[in-house]
Amino acid sequence: MTHSKAAPHASMEMALAAFRQKFPTFEMTQRLDHLRATEYARLDERQQVYLDYTGGGQYADCQLREHLELLRGNVFGNPHSTNPTSQAMTALVERARSYVLDFFKASPDEYEAIFTPNATGALKLVGESYPFGSGGQYLLTFDNHNSVNGIREFAHAEGASVTYVPLEPPDLRVNEAHLQRLLAQGRTGRPNLFAYPAQSNVSGVQHPPTWIAQAQQQGWDVLVDCAAFAPSNRLDLSVWHPDFVPLSFYKMFGYPTGIGCLLARKSALAKLRRPWFSGGTITLSSVLAADTTGVGFYRTPGVAGFEDGTINYLMLPAVEIGLRYLASIGMEMIHERVRCLTGWLLEQLLALRHSNGQPVVRIYGPITTQGRGGTIAFNFYDPVGAVLDCYAMQEEANQCSLSVRSGCFCNPGVREVALGFVREELAACFRNKERMTYEQFLHVIDNQTQGALRVSVGLASNFADVYRLMQFASSFVDRWAPPSDREETSLAPLVEPSFTRVCACGYQDNRLDKNFCPSCGRPLPTVQSTLSEMQPAASQARKGQEQMEGVARV
Ligand SMILES: Cc1ncc(COP(=O)(O)O)c(C=O)c1O
(Lines give C-alpha, C1' and ligand atoms only; values in the text may rest on other atoms or scores of the structure.)
Protein backbone atom coordinates (compact mmCIF):
# COMPACT_ATOMS: atom_id res chain seq x y z
CA MET A 1 0.00 0.00 0.00
CA THR A 2 1.36 3.43 -0.81
CA HIS A 3 1.55 6.35 1.61
CA SER A 4 -0.25 4.45 4.33
CA LYS A 5 0.11 5.70 7.86
CA ALA A 6 -1.41 2.77 9.64
CA ALA A 7 -2.98 3.48 12.99
CA PRO A 8 -2.34 0.87 15.62
CA HIS A 9 -4.97 -1.83 15.36
CA ALA A 10 -5.51 -4.77 17.68
CA SER A 11 -3.92 -8.00 16.48
CA MET A 12 -6.31 -10.23 14.63
CA GLU A 13 -6.47 -12.72 17.53
CA MET A 14 -7.37 -10.01 20.00
CA ALA A 15 -9.85 -8.43 17.63
CA LEU A 16 -11.46 -11.82 16.97
CA ALA A 17 -11.80 -12.53 20.67
CA ALA A 18 -13.49 -9.16 21.25
CA PHE A 19 -15.69 -9.73 18.22
CA ARG A 20 -16.83 -13.13 19.48
CA GLN A 21 -17.71 -11.64 22.81
CA LYS A 22 -19.68 -8.83 21.24
CA PHE A 23 -21.41 -11.08 18.69
CA PRO A 24 -21.85 -14.43 20.46
CA THR A 25 -24.23 -15.79 17.79
CA PHE A 26 -21.34 -15.80 15.30
CA GLU A 27 -20.30 -19.07 16.92
CA MET A 28 -23.43 -20.69 15.52
CA THR A 29 -22.22 -19.97 11.99
CA GLN A 30 -18.95 -21.92 12.35
CA ARG A 31 -19.99 -24.27 9.57
CA LEU A 32 -19.40 -21.40 7.16
CA ASP A 33 -15.77 -21.17 8.27
CA HIS A 34 -15.43 -24.83 7.39
CA LEU A 35 -17.03 -24.22 3.99
CA ARG A 36 -14.75 -21.25 3.45
CA ALA A 37 -11.76 -23.57 3.89
CA THR A 38 -13.13 -26.37 1.73
CA GLU A 39 -15.47 -24.90 -0.89
CA TYR A 40 -13.97 -21.43 -1.26
CA ALA A 41 -10.30 -22.26 -0.68
CA ARG A 42 -9.37 -20.31 -3.79
CA LEU A 43 -10.08 -17.02 -2.00
CA ASP A 44 -7.31 -17.59 0.54
CA GLU A 45 -5.01 -19.43 -1.87
CA ARG A 46 -5.08 -16.36 -4.07
CA GLN A 47 -5.05 -14.02 -1.08
CA GLN A 48 -8.15 -12.25 -2.26
CA VAL A 49 -10.36 -10.36 0.17
CA TYR A 50 -13.71 -10.43 -1.53
CA LEU A 51 -16.11 -7.79 -0.23
CA ASP A 52 -18.48 -7.32 -3.14
CA TYR A 53 -21.29 -9.79 -2.45
CA THR A 54 -23.87 -7.22 -3.51
CA GLY A 55 -22.10 -7.12 -6.86
CA GLY A 56 -22.06 -10.91 -7.15
CA GLY A 57 -21.89 -13.95 -4.88
CA GLN A 58 -19.06 -16.50 -4.77
CA TYR A 59 -19.68 -20.06 -5.93
CA ALA A 60 -18.73 -23.18 -3.98
CA ASP A 61 -16.53 -25.81 -5.65
CA CYS A 62 -19.25 -28.41 -5.14
CA GLN A 63 -21.70 -26.42 -7.26
CA LEU A 64 -19.30 -26.55 -10.20
CA ARG A 65 -18.52 -30.24 -9.71
CA GLU A 66 -22.14 -31.26 -9.52
CA HIS A 67 -23.11 -29.25 -12.57
CA LEU A 68 -20.21 -30.49 -14.68
CA GLU A 69 -20.90 -34.10 -13.69
CA LEU A 70 -24.50 -33.67 -14.81
CA LEU A 71 -23.44 -32.23 -18.17
CA ARG A 72 -20.69 -34.83 -18.66
CA GLY A 73 -22.93 -37.74 -17.82
CA ASN A 74 -25.92 -36.89 -20.00
CA VAL A 75 -26.96 -35.87 -23.47
CA PHE A 76 -29.14 -32.80 -23.53
CA GLY A 77 -30.86 -31.00 -26.38
CA ASN A 78 -32.88 -27.82 -26.75
CA PRO A 79 -35.96 -28.30 -24.52
CA HIS A 80 -39.63 -28.31 -25.47
CA SER A 81 -39.48 -30.91 -28.22
CA THR A 82 -40.47 -34.55 -28.10
CA ASN A 83 -37.09 -36.09 -28.81
CA PRO A 84 -35.39 -37.85 -25.90
CA THR A 85 -32.54 -35.40 -25.34
CA SER A 86 -34.96 -32.51 -25.46
CA GLN A 87 -37.33 -34.23 -23.05
CA ALA A 88 -34.48 -34.89 -20.64
CA MET A 89 -33.65 -31.20 -20.67
CA THR A 90 -37.29 -30.10 -20.38
CA ALA A 91 -37.64 -32.25 -17.28
CA LEU A 92 -34.64 -30.57 -15.64
CA VAL A 93 -35.80 -27.07 -16.60
CA GLU A 94 -39.24 -27.69 -15.12
CA ARG A 95 -37.69 -29.27 -12.04
CA ALA A 96 -35.57 -26.16 -11.55
CA ARG A 97 -38.65 -23.99 -11.98
CA SER A 98 -40.58 -25.88 -9.38
CA TYR A 99 -37.60 -25.88 -6.99
CA VAL A 100 -37.34 -22.09 -7.30
CA LEU A 101 -40.95 -21.81 -6.11
CA ASP A 102 -40.26 -24.29 -3.30
CA PHE A 103 -37.16 -22.43 -2.15
CA PHE A 104 -39.06 -19.17 -1.76
CA LYS A 105 -42.10 -20.98 -0.31
CA ALA A 106 -44.22 -19.65 -3.16
CA SER A 107 -47.37 -21.67 -3.67
CA PRO A 108 -47.61 -22.91 -7.27
CA ASP A 109 -51.30 -22.02 -7.06
CA GLU A 110 -50.38 -18.41 -6.45
CA TYR A 111 -47.02 -17.79 -8.14
CA GLU A 112 -45.22 -18.48 -11.40
CA ALA A 113 -41.43 -18.51 -11.83
CA ILE A 114 -40.36 -17.01 -15.16
CA PHE A 115 -36.71 -17.42 -16.11
CA THR A 116 -34.98 -14.31 -17.42
CA PRO A 117 -31.35 -13.41 -18.19
CA ASN A 118 -31.05 -11.49 -14.88
CA ALA A 119 -33.03 -9.27 -12.48
CA THR A 120 -32.95 -6.50 -15.07
CA GLY A 121 -34.59 -8.82 -17.59
CA ALA A 122 -37.32 -9.58 -15.06
CA LEU A 123 -37.87 -5.86 -14.45
CA LYS A 124 -38.04 -5.11 -18.15
CA LEU A 125 -40.69 -7.78 -18.58
CA VAL A 126 -42.86 -6.00 -16.03
CA GLY A 127 -42.08 -2.51 -17.31
CA GLU A 128 -42.80 -3.17 -20.96
CA SER A 129 -45.97 -5.17 -20.25
CA TYR A 130 -47.59 -3.31 -17.37
CA PRO A 131 -50.78 -1.62 -18.67
CA PHE A 132 -49.93 1.87 -17.34
CA GLY A 133 -52.04 4.04 -19.65
CA SER A 134 -53.07 7.60 -18.85
CA GLY A 135 -54.46 7.65 -15.34
CA GLY A 136 -51.93 5.01 -14.39
CA GLN A 137 -49.38 5.65 -11.65
CA TYR A 138 -45.84 4.49 -11.04
CA LEU A 139 -44.72 5.12 -7.48
CA LEU A 140 -41.17 4.21 -6.48
CA THR A 141 -38.68 4.97 -3.75
CA PHE A 142 -35.60 7.10 -4.38
CA ASP A 143 -33.25 4.22 -3.61
CA ASN A 144 -34.17 1.95 -6.48
CA HIS A 145 -31.60 0.43 -8.80
CA ASN A 146 -31.53 1.90 -12.31
CA SER A 147 -33.23 -1.19 -13.67
CA VAL A 148 -36.27 -0.24 -11.58
CA ASN A 149 -35.90 3.47 -12.34
CA GLY A 150 -35.91 2.62 -16.03
CA ILE A 151 -39.52 1.40 -15.84
CA ARG A 152 -40.49 5.07 -15.56
CA GLU A 153 -39.78 5.40 -19.29
CA PHE A 154 -42.53 2.89 -20.08
CA ALA A 155 -44.84 4.71 -17.66
CA HIS A 156 -44.08 8.11 -19.23
CA ALA A 157 -44.58 6.75 -22.73
CA GLU A 158 -48.09 5.68 -21.81
CA GLY A 159 -48.98 8.92 -20.07
CA ALA A 160 -48.89 7.53 -16.52
CA SER A 161 -47.68 9.69 -13.66
CA VAL A 162 -44.32 8.89 -12.05
CA THR A 163 -43.74 9.79 -8.41
CA TYR A 164 -40.64 9.24 -6.32
CA VAL A 165 -40.87 8.68 -2.57
CA PRO A 166 -37.98 10.65 -1.02
CA LEU A 167 -35.48 9.35 1.53
CA GLU A 168 -34.56 11.02 4.77
CA PRO A 169 -30.90 11.43 5.66
CA PRO A 170 -28.92 10.28 7.50
CA ASP A 171 -30.45 6.79 7.61
CA LEU A 172 -31.81 7.05 4.06
CA ARG A 173 -35.13 5.51 5.02
CA VAL A 174 -38.58 6.55 3.89
CA ASN A 175 -40.84 8.67 6.06
CA GLU A 176 -43.72 6.26 6.80
CA ALA A 177 -46.40 8.94 7.11
CA HIS A 178 -45.35 10.42 3.81
CA LEU A 179 -45.44 7.06 2.09
CA GLN A 180 -48.89 6.31 3.49
CA ARG A 181 -50.18 9.60 2.06
CA LEU A 182 -48.88 8.62 -1.36
CA LEU A 183 -50.23 5.09 -1.16
CA ALA A 184 -53.64 6.52 -0.30
CA GLN A 185 -53.66 8.00 -3.80
CA GLY A 186 -53.92 4.52 -5.28
CA ARG A 187 -57.10 4.03 -7.28
CA THR A 188 -58.65 0.59 -7.09
CA GLY A 189 -59.07 -1.02 -10.47
CA ARG A 190 -56.59 1.40 -12.13
CA PRO A 191 -53.05 0.51 -13.13
CA ASN A 192 -50.98 1.51 -10.09
CA LEU A 193 -47.52 0.06 -9.69
CA PHE A 194 -45.46 0.61 -6.52
CA ALA A 195 -41.80 -0.48 -6.59
CA TYR A 196 -39.20 -0.61 -3.86
CA PRO A 197 -36.10 -2.63 -3.00
CA ALA A 198 -36.38 -5.13 -0.14
CA GLN A 199 -32.79 -4.06 0.52
CA SER A 200 -31.00 -1.09 -0.98
CA ASN A 201 -27.92 -2.13 -2.92
CA VAL A 202 -26.12 0.96 -1.58
CA SER A 203 -27.27 1.97 1.90
CA GLY A 204 -28.21 -1.58 2.93
CA VAL A 205 -31.58 -0.27 4.19
CA GLN A 206 -34.22 -2.98 4.37
CA HIS A 207 -37.65 -1.48 3.82
CA PRO A 208 -40.60 -3.04 5.64
CA PRO A 209 -42.37 -5.94 3.93
CA THR A 210 -45.55 -4.72 5.63
CA TRP A 211 -45.79 -2.11 2.86
CA ILE A 212 -46.79 -4.89 0.46
CA ALA A 213 -50.22 -5.62 1.91
CA GLN A 214 -50.81 -1.98 2.84
CA ALA A 215 -50.23 -0.92 -0.76
CA GLN A 216 -52.23 -3.78 -2.23
CA GLN A 217 -55.21 -2.90 -0.04
CA GLN A 218 -55.15 0.54 -1.61
CA GLY A 219 -55.16 -0.74 -5.17
CA TRP A 220 -51.44 -0.99 -5.94
CA ASP A 221 -49.61 -3.83 -7.62
CA VAL A 222 -46.37 -4.18 -5.70
CA LEU A 223 -42.95 -4.94 -7.14
CA VAL A 224 -40.33 -5.75 -4.51
CA ASP A 225 -36.82 -5.85 -5.94
CA CYS A 226 -35.12 -8.65 -4.02
CA ALA A 227 -31.88 -8.79 -6.01
CA ALA A 228 -29.80 -7.43 -3.10
CA PHE A 229 -31.96 -8.94 -0.35
CA ALA A 230 -32.21 -12.59 -1.36
CA PRO A 231 -28.51 -13.54 -1.03
CA SER A 232 -28.51 -13.31 2.76
CA ASN A 233 -32.12 -13.05 3.89
CA ARG A 234 -35.05 -15.44 3.91
CA LEU A 235 -37.59 -14.40 1.27
CA ASP A 236 -40.75 -16.22 2.31
CA LEU A 237 -43.59 -15.84 -0.17
CA SER A 238 -45.97 -17.79 2.05
CA VAL A 239 -45.82 -14.85 4.48
CA TRP A 240 -45.41 -11.90 2.12
CA HIS A 241 -47.26 -11.72 -1.18
CA PRO A 242 -45.68 -9.14 -3.50
CA ASP A 243 -47.01 -9.19 -7.06
CA PHE A 244 -43.62 -9.12 -8.76
CA VAL A 245 -40.21 -10.18 -7.44
CA PRO A 246 -37.11 -9.84 -9.69
CA LEU A 247 -33.97 -11.81 -8.79
CA SER A 248 -30.51 -12.61 -10.16
CA PHE A 249 -29.20 -16.02 -9.12
CA TYR A 250 -25.48 -15.20 -9.42
CA LYS A 251 -25.99 -12.73 -6.56
CA MET A 252 -27.24 -15.56 -4.35
CA PHE A 253 -24.68 -18.27 -5.08
CA GLY A 254 -22.21 -16.99 -7.65
CA TYR A 255 -22.77 -19.53 -10.42
CA PRO A 256 -24.26 -19.51 -12.98
CA THR A 257 -24.36 -15.97 -14.27
CA GLY A 258 -26.88 -15.18 -16.99
CA ILE A 259 -30.02 -16.45 -15.24
CA GLY A 260 -32.51 -14.48 -13.24
CA CYS A 261 -36.12 -14.90 -12.42
CA LEU A 262 -39.39 -13.04 -12.18
CA LEU A 263 -41.58 -14.49 -9.47
CA ALA A 264 -45.03 -13.20 -10.29
CA ARG A 265 -48.43 -13.71 -8.76
CA LYS A 266 -50.73 -15.26 -11.31
CA SER A 267 -53.34 -12.55 -10.74
CA ALA A 268 -50.75 -9.84 -11.50
CA LEU A 269 -49.31 -11.72 -14.45
CA ALA A 270 -52.76 -11.80 -16.04
CA LYS A 271 -52.68 -7.98 -16.22
CA LEU A 272 -49.48 -7.86 -18.28
CA ARG A 273 -49.68 -7.23 -22.02
CA ARG A 274 -46.49 -8.12 -23.84
CA PRO A 275 -45.60 -5.63 -26.58
CA TRP A 276 -44.26 -8.25 -28.96
CA PHE A 277 -43.93 -11.96 -29.60
CA SER A 278 -40.91 -14.07 -30.36
CA GLY A 279 -39.74 -17.60 -30.76
CA GLY A 280 -40.75 -19.46 -27.64
CA THR A 281 -43.66 -17.23 -26.63
CA ILE A 282 -46.32 -18.24 -29.17
CA THR A 283 -48.17 -21.39 -30.08
CA LEU A 284 -48.92 -20.31 -33.65
CA SER A 285 -48.20 -17.36 -35.89
CA SER A 286 -48.73 -16.41 -39.50
CA VAL A 287 -47.07 -14.06 -41.91
CA LEU A 288 -49.84 -14.10 -44.49
CA ALA A 289 -52.60 -13.53 -41.95
CA ALA A 290 -50.76 -10.72 -40.13
CA ASP A 291 -52.37 -7.29 -40.02
CA THR A 292 -51.75 -4.10 -38.08
CA THR A 293 -54.23 -4.90 -35.31
CA GLY A 294 -52.19 -7.64 -33.77
CA VAL A 295 -53.85 -10.51 -35.59
CA GLY A 296 -51.64 -13.35 -36.74
CA PHE A 297 -50.32 -15.00 -33.60
CA TYR A 298 -51.43 -16.81 -30.46
CA ARG A 299 -49.47 -16.36 -27.28
CA THR A 300 -48.46 -19.44 -25.31
CA PRO A 301 -50.36 -19.41 -22.04
CA GLY A 302 -48.45 -19.38 -18.76
CA VAL A 303 -44.78 -18.73 -18.19
CA ALA A 304 -43.64 -19.71 -21.68
CA GLY A 305 -45.38 -16.60 -23.03
CA PHE A 306 -42.85 -14.56 -21.06
CA GLU A 307 -39.65 -16.43 -21.86
CA ASP A 308 -38.25 -15.04 -25.08
CA GLY A 309 -36.32 -17.35 -27.37
CA THR A 310 -34.26 -20.25 -26.12
CA ILE A 311 -33.66 -20.08 -22.41
CA ASN A 312 -30.20 -20.68 -20.98
CA TYR A 313 -31.13 -24.32 -20.62
CA LEU A 314 -27.80 -25.98 -19.88
CA MET A 315 -27.24 -23.60 -16.99
CA LEU A 316 -30.68 -24.00 -15.44
CA PRO A 317 -29.86 -27.19 -13.52
CA ALA A 318 -27.06 -25.19 -11.87
CA VAL A 319 -29.73 -22.88 -10.44
CA GLU A 320 -31.36 -25.79 -8.68
CA ILE A 321 -27.94 -26.99 -7.50
CA GLY A 322 -27.16 -23.53 -6.12
CA LEU A 323 -30.48 -23.21 -4.34
CA ARG A 324 -30.18 -26.69 -2.82
CA TYR A 325 -26.71 -25.74 -1.62
CA LEU A 326 -28.10 -22.64 0.11
CA ALA A 327 -30.92 -24.69 1.59
CA SER A 328 -28.42 -27.20 2.96
CA ILE A 329 -26.74 -24.37 4.87
CA GLY A 330 -29.90 -22.51 5.80
CA MET A 331 -30.62 -18.88 5.02
CA GLU A 332 -30.84 -18.12 8.74
CA MET A 333 -27.20 -19.09 9.25
CA ILE A 334 -26.06 -16.98 6.31
CA HIS A 335 -28.16 -14.09 7.57
CA GLU A 336 -26.70 -14.28 11.07
CA ARG A 337 -23.13 -14.38 9.84
CA VAL A 338 -23.71 -11.38 7.61
CA ARG A 339 -25.39 -9.52 10.48
CA CYS A 340 -22.47 -10.12 12.87
CA LEU A 341 -19.76 -9.16 10.38
CA THR A 342 -21.72 -6.07 9.29
CA GLY A 343 -22.28 -5.04 12.90
CA TRP A 344 -18.58 -5.27 13.66
CA LEU A 345 -17.62 -3.36 10.54
CA LEU A 346 -20.11 -0.57 11.28
CA GLU A 347 -18.79 -0.20 14.83
CA GLN A 348 -15.16 -0.24 13.77
CA LEU A 349 -15.57 2.15 10.87
CA LEU A 350 -17.47 4.62 13.02
CA ALA A 351 -14.93 4.40 15.83
CA LEU A 352 -12.02 5.23 13.55
CA ARG A 353 -10.74 8.73 14.43
CA HIS A 354 -8.00 11.07 13.32
CA SER A 355 -5.60 12.33 16.00
CA ASN A 356 -7.71 15.47 16.28
CA GLY A 357 -10.78 13.36 17.11
CA GLN A 358 -12.51 13.87 13.74
CA PRO A 359 -14.09 10.78 12.14
CA VAL A 360 -12.20 9.05 9.35
CA VAL A 361 -15.30 7.55 7.76
CA ARG A 362 -18.78 8.74 7.01
CA ILE A 363 -21.36 6.01 6.41
CA TYR A 364 -24.35 6.61 4.13
CA GLY A 365 -27.26 4.76 5.68
CA PRO A 366 -28.10 3.14 9.01
CA ILE A 367 -25.24 2.70 11.46
CA THR A 368 -26.63 -0.27 13.37
CA THR A 369 -27.70 -3.67 12.07
CA GLN A 370 -31.35 -2.90 12.83
CA GLY A 371 -33.37 -3.03 9.60
CA ARG A 372 -30.36 -3.20 7.31
CA GLY A 373 -28.40 -5.79 5.40
CA GLY A 374 -24.71 -6.42 4.79
CA THR A 375 -23.95 -3.58 2.39
CA ILE A 376 -22.08 -0.52 3.67
CA ALA A 377 -21.49 2.62 1.59
CA PHE A 378 -19.03 5.16 2.92
CA ASN A 379 -16.31 7.68 2.16
CA PHE A 380 -13.03 8.48 3.85
CA TYR A 381 -12.50 12.03 5.14
CA ASP A 382 -9.34 13.82 6.15
CA PRO A 383 -8.77 15.50 9.54
CA VAL A 384 -10.56 18.70 8.47
CA GLY A 385 -13.44 16.90 6.83
CA ALA A 386 -12.31 16.96 3.19
CA VAL A 387 -13.48 13.89 1.37
CA LEU A 388 -10.91 11.55 -0.18
CA ASP A 389 -11.75 10.65 -3.75
CA CYS A 390 -13.50 7.28 -3.77
CA TYR A 391 -11.97 6.26 -7.10
CA ALA A 392 -8.46 6.85 -5.78
CA MET A 393 -9.40 4.88 -2.65
CA GLN A 394 -10.63 2.05 -4.86
CA GLU A 395 -7.24 2.02 -6.58
CA GLU A 396 -5.52 1.66 -3.23
CA ALA A 397 -7.88 -1.13 -2.21
CA ASN A 398 -7.13 -2.90 -5.50
CA GLN A 399 -3.44 -2.84 -4.67
CA CYS A 400 -4.24 -4.61 -1.40
CA SER A 401 -6.25 -7.34 -3.19
CA LEU A 402 -9.41 -6.02 -1.60
CA SER A 403 -12.44 -6.34 -3.88
CA VAL A 404 -14.59 -3.37 -2.97
CA ARG A 405 -16.62 -1.16 -5.28
CA SER A 406 -16.72 2.59 -5.90
CA GLY A 407 -19.12 4.92 -7.66
CA CYS A 408 -22.89 5.17 -7.48
CA PHE A 409 -23.69 1.47 -7.98
CA CYS A 410 -26.46 2.07 -10.56
CA ASN A 411 -28.42 3.81 -7.84
CA PRO A 412 -28.43 7.54 -8.59
CA GLY A 413 -31.16 8.33 -6.05
CA VAL A 414 -29.12 7.24 -3.06
CA ARG A 415 -26.05 9.07 -4.37
CA GLU A 416 -28.01 12.27 -4.90
CA VAL A 417 -29.59 12.25 -1.44
CA ALA A 418 -26.56 10.97 0.48
CA LEU A 419 -24.08 13.29 -1.20
CA GLY A 420 -26.41 16.24 -1.41
CA PHE A 421 -26.85 16.91 -5.11
CA VAL A 422 -29.10 19.75 -6.19
CA ARG A 423 -32.02 19.09 -8.49
CA GLU A 424 -31.58 22.20 -10.66
CA GLU A 425 -27.95 21.39 -11.38
CA LEU A 426 -28.73 17.80 -12.25
CA ALA A 427 -31.64 18.80 -14.47
CA ALA A 428 -29.24 21.03 -16.41
CA CYS A 429 -27.10 17.98 -17.13
CA PHE A 430 -29.89 16.31 -19.03
CA ARG A 431 -31.16 19.15 -21.19
CA ASN A 432 -28.95 18.07 -24.03
CA LYS A 433 -28.69 14.36 -23.46
CA GLU A 434 -26.90 13.59 -26.68
CA ARG A 435 -23.86 15.62 -25.88
CA MET A 436 -23.25 15.37 -22.13
CA THR A 437 -20.08 13.42 -21.41
CA TYR A 438 -19.21 12.18 -17.94
CA GLU A 439 -16.45 14.81 -17.73
CA GLN A 440 -18.95 17.54 -18.58
CA PHE A 441 -21.29 16.11 -15.97
CA LEU A 442 -18.55 16.42 -13.35
CA HIS A 443 -17.97 19.99 -14.41
CA VAL A 444 -21.65 20.84 -14.01
CA ILE A 445 -21.82 19.30 -10.55
CA ASP A 446 -18.70 21.30 -9.75
CA ASN A 447 -16.48 18.35 -8.96
CA GLN A 448 -18.33 17.68 -5.74
CA THR A 449 -18.07 14.22 -4.17
CA GLN A 450 -19.19 11.92 -6.94
CA GLY A 451 -19.63 8.60 -5.28
CA ALA A 452 -18.69 6.37 -2.42
CA LEU A 453 -17.00 3.10 -1.60
CA ARG A 454 -19.15 0.06 -1.01
CA VAL A 455 -18.29 -3.10 0.87
CA SER A 456 -20.65 -6.01 1.21
CA VAL A 457 -20.32 -9.32 3.03
CA GLY A 458 -21.93 -12.64 2.24
CA LEU A 459 -22.05 -16.36 2.60
CA ALA A 460 -18.31 -16.99 2.24
CA SER A 461 -17.11 -13.96 4.26
CA ASN A 462 -15.13 -14.55 7.41
CA PHE A 463 -13.71 -12.43 10.20
CA ALA A 464 -10.30 -12.21 8.50
CA ASP A 465 -11.95 -10.45 5.52
CA VAL A 466 -13.49 -7.68 7.57
CA TYR A 467 -10.36 -7.41 9.71
CA ARG A 468 -8.30 -6.86 6.53
CA LEU A 469 -10.72 -4.15 5.49
CA MET A 470 -10.28 -2.42 8.85
CA GLN A 471 -6.51 -2.59 8.51
CA PHE A 472 -6.91 -0.86 5.17
CA ALA A 473 -9.30 1.72 6.65
CA SER A 474 -6.90 2.40 9.53
CA SER A 475 -4.30 3.51 7.02
CA PHE A 476 -6.42 6.62 6.44
CA VAL A 477 -6.03 7.86 9.98
CA ASP A 478 -4.36 11.28 9.78
CA ARG A 479 -4.23 11.04 6.00
CA TRP A 480 -4.75 14.40 4.29
CA ALA A 481 -6.67 14.95 1.11
CA PRO A 482 -4.59 16.47 -1.72
CA PRO A 483 -4.77 20.29 -1.42
CA SER A 484 -6.92 20.58 -4.55
CA ASP A 485 -9.56 18.25 -3.04
CA ARG A 486 -9.44 20.08 0.25
CA GLU A 487 -10.33 23.37 -1.41
CA GLU A 488 -13.32 21.77 -3.04
CA THR A 489 -14.66 19.97 -0.06
CA SER A 490 -13.38 21.54 3.12
CA LEU A 491 -16.23 21.92 5.53
CA ALA A 492 -17.62 18.77 4.03
CA PRO A 493 -20.68 17.35 5.74
CA LEU A 494 -18.74 16.31 8.84
CA VAL A 495 -18.39 19.93 9.93
CA GLU A 496 -21.58 21.84 10.54
CA PRO A 497 -21.50 25.32 9.03
CA SER A 498 -23.51 27.81 11.01
CA PHE A 499 -25.61 30.24 9.01
CA THR A 500 -29.18 31.29 8.58
CA ARG A 501 -31.53 31.10 5.63
CA VAL A 502 -34.10 33.84 5.77
CA CYS A 503 -37.51 33.33 4.20
CA ALA A 504 -39.38 36.21 2.54
CA CYS A 505 -41.82 36.14 5.48
CA GLY A 506 -38.98 36.69 7.93
CA TYR A 507 -38.71 33.11 9.23
CA GLN A 508 -35.10 32.17 9.94
CA ASP A 509 -33.85 28.65 9.39
CA ASN A 510 -30.51 27.15 10.35
CA ARG A 511 -31.43 23.48 10.40
CA LEU A 512 -30.77 22.70 6.70
CA ASP A 513 -33.39 19.99 6.72
CA LYS A 514 -36.30 21.63 4.94
CA ASN A 515 -37.11 23.10 1.58
CA PHE A 516 -40.26 24.93 2.48
CA CYS A 517 -40.85 27.53 5.13
CA PRO A 518 -42.79 25.97 8.03
CA SER A 519 -44.31 29.39 8.70
CA CYS A 520 -45.65 30.49 5.30
CA GLY A 521 -45.04 27.46 3.06
CA ARG A 522 -42.90 29.36 0.50
CA PRO A 523 -39.74 27.67 -0.81
CA LEU A 524 -36.80 28.60 1.41
CA PRO A 525 -33.70 30.07 -0.30
CA THR A 526 -31.51 27.13 -1.27
CA VAL A 527 -28.69 26.22 1.05
CA GLN A 528 -26.40 26.52 -1.91
CA SER A 529 -27.28 30.12 -2.72
CA THR A 530 -27.06 31.12 0.94
CA LEU A 531 -23.72 29.46 1.43
CA SER A 532 -22.22 30.71 -1.78
CA GLU A 533 -22.93 34.24 -0.64
CA MET A 534 -21.11 33.51 2.59
CA GLN A 535 -18.35 31.05 1.80
CA PRO A 536 -17.87 29.53 -1.65
CA ALA A 537 -16.02 26.38 -0.52
CA ALA A 538 -18.57 25.49 2.09
CA SER A 539 -21.38 25.69 -0.41
CA GLN A 540 -19.98 22.72 -2.26
CA ALA A 541 -20.11 20.65 0.85
CA ARG A 542 -23.53 21.56 2.04
CA LYS A 543 -25.56 22.24 -1.02
CA GLY A 544 -27.17 18.89 -1.09
CA GLN A 545 -28.77 19.08 2.29
CA GLU A 546 -31.62 20.64 0.43
CA GLN A 547 -32.89 17.19 -0.50
CA MET A 548 -36.47 17.53 -1.49
CA GLU A 549 -38.74 17.20 1.45
CA GLY A 550 -41.79 16.91 -0.70
CA VAL A 551 -42.54 14.45 -3.44
CA ALA A 552 -40.35 14.50 -6.49
CA ARG A 553 -42.47 14.21 -9.60
CA VAL A 554 -40.68 13.54 -12.84
C1 LIG B 1 -31.12 -4.05 -5.96
C2 LIG B 1 -30.73 -4.45 -7.35
N3 LIG B 1 -31.67 -4.54 -8.29
C4 LIG B 1 -31.39 -4.91 -9.54
C5 LIG B 1 -30.12 -5.20 -9.92
C6 LIG B 1 -29.84 -5.61 -11.34
O7 LIG B 1 -29.31 -6.90 -11.35
P8 LIG B 1 -28.72 -7.50 -12.70
O9 LIG B 1 -27.60 -6.60 -13.11
O10 LIG B 1 -28.26 -8.85 -12.31
O11 LIG B 1 -29.81 -7.50 -13.69
C12 LIG B 1 -29.09 -5.11 -8.98
C13 LIG B 1 -27.69 -5.35 -9.37
O14 LIG B 1 -26.76 -5.04 -8.68
C15 LIG B 1 -29.41 -4.74 -7.66
O16 LIG B 1 -28.47 -4.65 -6.71
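Which residues come nearest to the ligand? In this predicted model, 13 residues surround the ligand, and Asn 118, Thr 120, His 145, Asn 201 and Ser 248 come nearest. Sorted by class, that shell holds 8 polar residues, 4 nonpolar ones and 1 charged one.

Now for the core. The largest nonpolar core takes in 138 residues, and Cys 261 and Leu 469 have the most contacts inside it. Helix 14, residues 331-351, supplies the largest share of this core, with 8 residues. Where does the core sit relative to the domains? Domain 1 (12-57 + 332-408 + 451-480) and domain 2 (74-327) both give residues to it, so the core lies between them. As a rule, nonpolar side chains in soluble globular proteins tend to be buried together. Take Leu 469 as a way in: leaving aside neighbours within four places in sequence, Leu 469 is in contact with Val 49, Leu 51, Leu 345, Leu 402 and Val 455.

Helix 15 is a good next stop. Running over residues 390-399, this helix has Cys 390, Met 393 and Ala 397 as its buried residues. Look down the axis of helix 15 and those buried residues fall within an arc of 55 degrees, so they line one face of the helix. The face turned away from the buried side carries the exposed residues Tyr 391, Glu 395, Asn 398 and Gln 399. And what covers the buried residues of helix 15? The cover includes strand 12 (375-380), strand 13 (402-403), strand 14 (405-407), strand 15 (452-456) and helix 19. Just after helix 15 comes a backbone oddity to check: Ser 401 takes a positive phi of about 60 degrees.

From there, hop over to Val 360, in the loop between helix 14 and strand 11 (361-363). Is Val 360 buried or exposed? Val 360 counts as buried because 26 other C-beta atoms lie within 10 Å, and the cut-off for buried is 20 or more. One of its partners comes from well along the chain: Val 477 is 117 residues away in sequence, yet the two C-alpha atoms are 6.3 Å apart in space. Val 477 has company, too. Setting aside neighbours within four places in sequence, Val 360 is also in contact with Leu 352, Arg 353, His 354, Phe 380, Tyr 381, Ala 473 and Phe 476.

The loops have some backbone details of their own. Asp 478 has a phi near 65 degrees, a positive value in a residue other than glycine. Asp 478 belongs to the loop between helix 19 (463-474) and helix 20 (483-489), and with 15 other C-beta atoms within 10 Å, this residue is partly exposed. Lys 105 also has a positive phi, near 55 degrees, and is likewise not a glycine. You'll find Lys 105 in the loop between helix 5 (84-103) and strand 2 (111-116), where it counts as partly exposed because it has 14 C-beta neighbours inside 10 Å.

Finally, there are cis peptide bonds to look at. The bond from Pro 169 to Pro 170 is cis, with omega near 0 degrees, and Pro 170 sits in the loop between strand 4 (161-165) and helix 9 (176-183). Another cis bond joins Tyr 255 and Pro 256, this time with omega at about 10 degrees. Pro 256 has its place in the loop between helix 11 (249-253) and strand 8 (260-265).

Key. Residues numbered from 1 in each chain as written. Predicted model: local features only at pLDDT ≥ 70, side-chain atom pairs only at ≥ 80, totals over all residues. Near = placed C-beta within 6 Å. Nonpolar A, V, L, I, M, F, W, Y, C, P; charged D, E, K, R; others polar. Helix = DSSP H or I, 4+ residues; strand = E, 2+ residues; numbered from the N terminus. Buried ≥ 20, exposed ≤ 12 C-beta atoms within 10 Å, placed from the backbone. Core = buried A, V, L, I, M, F, W, Y, C linked by C-beta atoms within 7 Å. Domains from an automatic or database assignment. Contact = placed C-beta atoms within 7 Å. Arc of directions from axis to C-beta.
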